[in-house]
Amino acid sequence: MENKETDGKDVKYYRLSEVEERNSFKSTWIIINNKVYDVTKFLEEHPGGEEVLREQAGGDATESFEDVGHSTDAREMASSMVIGELHPCVEKPEMFLLMPLLLCISLRMTGTSLPNQQIQRPYRKAQAGGQTG
Ligand code: HEM
């Protein structure tokens, strides 16, 4: 059977934060090998028990899933629960906003001045001197 999620078309991408929110009985999602699985209806049917899936709810279960050595049947079963993939860009965007601030702080702390500051200072002095004298 063709799987819409894995043939490269119509793939729904989820951010890690979206998956993390789905960690209740009402909605349980897990990540295995960058794919997002909705296991809500499978919790009670899981041969390995509901608890192991609940522990992984909202997070990356790849390691635990692989450690168990699930059968081919289990993997096929899992593929029917794929709802999408983890967004390729999962890093925190706020880090990029913080970078310039951190750079400024570290330059101040080390007493390093930027090249344009070195150029501007004597120019201002010369201008001020010219006006008064
Ligand atoms: C969509 C995801 C999953 C599906 C469809 C699934 C399915 C199955 C199936 C069919 C079995 C029976 C044994 C086999 O055929 O391999 C099984 C056993 C088991 N599963 Fe899962 N599983 C899933 C996720 C997980 C995860 C994330 C964990 C770990 C946190 C886990 C832990 C176990 C354990 C401990 C057993 C019992 C193994 C044993 O008794 O030898 N499973 N699972």
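Donors are N, O and S atoms within 2.8 Å of the metal. In this predicted model, two protein atoms meet that criterion for the iron atom of the ligand: NE2 of His46 and NE2 of His70, at 2.0 to 2.1 Å. The iron site has six donor atoms and is octahedral, with angles of 87 to 179° among them. For six octahedral donors, the ideal angles are 90 or 180 degrees.

Histidine 46 belongs to the loop between strand S3 (35–38) and helix H2 (50–56), and histidine 70 to the loop between helix H3 (62–68) and helix H4 (72–79), so the two residues tie together parts that are 24 residues apart in sequence. Both histidine 46 and histidine 70 are buried.

The chain contains six helices and four strands, arranged from the N terminus as β-α-β-β-α-α-α-β-α-α. Overall values for the chain are listed below.

| Property of the chain | Value |
|---|---|
| Residues counted as buried | 23% of 133 residues |
| Contacts joining residues at least 24 apart, among those at least 6 apart in sequence | 66% |
| Exposed area | about 10200 Å² |
| Share of the exposed area from carbon and sulfur atoms | 55% |

The largest nonpolar core comprises twelve residues, including Ile30, Val39, Phe42, Leu43, Leu53, Phe65 and Met81. A second, separate core has six residues, among them Tyr14, Val19, Val36 and Leu86. Within the largest core, leucine 53 touches Ile30, Val39, Phe42 and Leu43, and it also touches His46, when residues up to four places away in sequence are not counted. His46 is thus both a contact of leucine 53 and a protein donor of the iron atom.

Note on methods: Residues are numbered from 1 along each chain as its sequence is written. This is a predicted model: local features need pLDDT of at least 70, side-chain atom pairs count only at pLDDT 80 or more; totals for chains, interfaces and linings use all residues. Side-chain values use heavy atoms; hydrogens and water are left out. Donors are N, O and S atoms within 2.8 Å of the metal (3.2 Å for Na, K and Ca); water is not among the atoms, so sites may look incomplete. Four donors count as tetrahedral if all angles lie between 85 and 135 degrees; four count as square planar and six as octahedral if opposite donors are over 155 degrees apart and all others between 65 and 115; anything else is irregular. Buried means under 20% relative accessible area, exposed over 50%, partly exposed in between (1.4 Å probe, protein chains only). Contact means heavy atoms within 4.5 Å. Accessible areas come from the Shrake-Rupley method with a 1.4 Å probe; for residues, only the protein chains shown count as cover. A nonpolar core is a set of buried Ala, Val, Leu, Ile, Met, Phe, Trp, Tyr and Cys residues joined through side-chain atoms within 4.5 Å.
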